[in-house]
Protein chains: 2
Amino acid sequence: MAEHIVSSYENELRGLAAKIAEMGGMAEGLVADAVQALTRMDTALAQKVILTDTRLDRLQREVEQNAILVIARRQPMAVDLREVVGALRVSSDLERVGDLAKNIAKRVMAIGPNLNAKTALIGVEHLSEIALEQLKAVLDAYTARDDASALKVRDRDDEIDALYTSLFRELLTYMMEDPRSISSCAHLLFVAKNIERIGDHTTNIAETVHYVVTGEQMTDERPKSDASSLLKVAGQE
Amino acid sequence: MAEHIVSSYENELRGLAAKIAEMGGMAEGLVADAVQALTRMDTALAQKVILTDTRLDRLQREVEQNAILVIARRQPMAVDLREVVGALRVSSDLERVGDLAKNIAKRVMAIGPNLNAKTALIGVEHLSEIALEQLKAVLDAYTARDDASALKVRDRDDEIDALYTSLFRELLTYMMEDPRSISSCAHLLFVAKNIERIGDHTTNIAETVHYVVTGEQMTDERPKSDASSLLKVAGQE
């Protein structure tokens, strides 16, 4: 293969990697801003999140187009092909992380400034801190193509699931104790669920890193300990 | 291009189409079964949904692999390339529809047989009927590469969003009127949200049909009338 072709191929791969890095930074920022908008009831920041998410969507389409061009032009094999498939998968997960952040931002407006279940926000904030740490860690693992770190992130998702389940229970308890909090807490249930799902996308990215590095697909369902969808609360039907 | 190559290329495209058709039928079945499991409180059927979803996940990975092979081997251009990209996108949406159906099935176990907000189920059932009709219609539009029908499906998503918003409000009212229903109704909130999101994936598929047929991307956010994330209920904070 002629030198200029190799180098333009490498440029194409580097271009994909740069776009994914940009998407990763943007997705992290959206999640952090959405949670901050919620805890500070900052509707201007919430609006910013909603607007910025459209840029993330656009980047995802660009990654898709570029990845397909690379596959068609270069017919990459083995690890090169896995790189391109990995870019496709990671960009799709990051785009959804942005959607989830946007949904949290929208709920800031619904909850309004009079939330009386303020202690519930502490749980939400704590959950989001861990989710954000995990997201950062997996993006670093992706950049470094570091399989061991990616698998560590994957294993830690159980922690998010367990915290989410306990927060779900806590929010139901607030609703029972004070029916005036039902509307706000219903929105917080969805916020918590969104953060738990950000954790799932982080896990997907960890599995993609493993696939890119080793060629091995993790198709088996990972052990899930989010039991909230199976949860009954004592004293409830 | 030699005849046998053309014919094997066509076979590859036909193979992709067949897998998408299989996924579509399976996704429809999962949604219908999950809602039936809920309305009849049939935990055996709910278990079946959870198991069947793993087959849908497997099919999605197969479509991804085959689509990438086709792109690398054939370097399709124009409408052929759009066909393959379309298959990738539709299979990803159908896989997520399956996940949402599985999540509904899991909640059947949590809600249990003593749901006293039985009238709330009527709303859920009605919402799911429309979502299922729409999903069937968009899969037919995809099979027929019928842009006009796909756009009709896309326009009708507003109806699902409006119904979802009213169901959200109704469920909050049940919770306020009878705190013993809070736990069940919280799960029904998520069930309703899952169905609304199935509608969003249906819309995505409609937009993919439009892209495959016309080459035009619908990147603009469609007009959304799901206002539930902005919803405050009178008398609530």
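Two rings of Phe, Tyr or Trp are called a pair here if their centres lie within 6.5 Å. Keep that cut-off in mind for the first view, and remember throughout that this is a predicted model.

**Figure 1. A cluster of rings draws on chains A and B.** Ring pairs tie Tyr164(A), Phe168(A) and Phe190(A) together with Tyr164(B), Phe168(B) and Phe190(B). Counted over all chains, there are 5 aromatic pairs. How are Phe190(A) and Phe168(B) arranged? Their centres are 6.2 Å apart and their planes make an angle of 35°, a tilted pair. Planes under 30 degrees apart would count as stacked and those over 60 as edge-to-face, so 35° falls into the tilted class. Phe190(A) belongs to helix H6 (residues 182-214) of chain A and Phe168(B) to helix H5 (residues 147-177) of chain B, so this pair joins two chains. Are these two rings' residues buried or exposed? Phe190(A) is buried, and Phe168(B) is buried too.

**Figure 2. Here H6(A) packs against H5(B).** These are the helices that carry Phe190(A) and Phe168(B). A pair of packed helices is described by the angle between the axes and the distance between them. For H6(A) and H5(B), the angle is about 125° and the axes are 10 Å apart. Angles over 145 degrees count as roughly antiparallel and 65 to 115 as roughly perpendicular; H6(A) and H5(B) fit neither class and are therefore oblique to each other. As for handedness, H6(A) and H5(B) make a right-handed crossing.

**Figure 3. Inside chain A, H4(A) packs with H5(A).** Chain A has 6 helices and 0 strands, and its elements read α-α-α-α-α-α from the N terminus on. This view picks out helix H4 (residues 118-144) and helix H5 (residues 147-177) of chain A, whose axes come within 10 Å and cross at roughly 165°. That angle makes H4(A) roughly antiparallel to H5(A). The crossing of H4(A) past H5(A) is left-handed. What kinds of residue make up this contact? The contact of H4(A) with H5(A) takes in 16 nonpolar residues, along with 5 polar and 5 charged ones.

**Figure 4. Another helix pair of chain A is H3(A) with H6(A).** Helix H3 (residues 78-111) of chain A packs with H6(A) at about 170°, and the two axes are 9 Å apart. H3(A) is thus roughly antiparallel to H6(A). Sorted by type, the residues of the contact of H3(A) with H6(A) come to 18 nonpolar, 9 polar and 7 charged.

**Figure 5. Leu56(A) is buried in chain A.** Look for Leu56(A) in helix H2 (residues 43-74) of chain A. How accessible is Leu56(A)? Its relative accessibility is 0%, which is why Leu56(A) counts as buried. Asp99(A) is 43 residues away from Leu56(A) along the chain, yet their C-alpha atoms are separated by 9.1 Å. For the wider picture, buried residues make up 57% of the 237 residues in chain A.

**Figure 6. Two arginines lie over tyrosine rings, one in chain A and one in chain B.** In chain A, Arg89(A) lies over the face of Tyr211(A), at 4.6 Å from the ring centre. In chain B, Arg145(B) does likewise with Tyr142(B), at 4.3 Å from the ring centre.

**Figure 7. Two loop residues of chain B have positive phi.** Start with Arg145(B), found in the loop between helix H4 (118-144) and H5 of chain B. Arg145(B) has a phi near 50°, positive although the residue is not glycine. Its relative accessible area is 26%, so Arg145(B) is partly exposed. Where does Gln75(B) sit? Gln75(B) lies in the loop between helix H2 (43-74) and helix H3 (78-111) of chain B. Its phi is about 40°, again positive in a residue that is not a glycine. With a relative accessible area of 31%, Gln75(B) is partly exposed.

**Figure 8. Lys118(B) is exposed in chain B.** Lys118(B) is part of helix H4 of chain B. Its relative accessible area is 52%, so Lys118(B) counts as exposed. Thr39(B) is 79 residues from Lys118(B) along the chain, and the C-alpha atoms of these two residues are separated by 8.8 Å.

Conventions:
Residues numbered from 1 in each chain as written. Chains lettered and ligands numbered in written order. Predicted model: local features only at pLDDT ≥ 70, side-chain atom pairs only at ≥ 80, totals over all residues. Heavy atoms only, no water. Axes fitted to C-alpha atoms, helices over the stretch in contact; angles between N-to-C directions. Helix = DSSP H or I, 4+ residues; strand = E, 2+ residues; numbered from the N terminus. Parallel < 35°, antiparallel > 145°, perpendicular 65-115°, else oblique. Left-handed = near helix turned anticlockwise from the far one by under 90°. Nonpolar A, V, L, I, M, F, W, Y, C, P; charged D, E, K, R; others polar. Phe/Tyr/Trp six-rings, centres within 6.5 Å; stacked < 30°, edge-to-face > 60°. Buried < 20%, exposed > 50% of the residue type's maximum accessible area, 1.4 Å probe, protein only. Lys NZ or Arg CZ within 6 Å of the ring centre and 35° of its normal.
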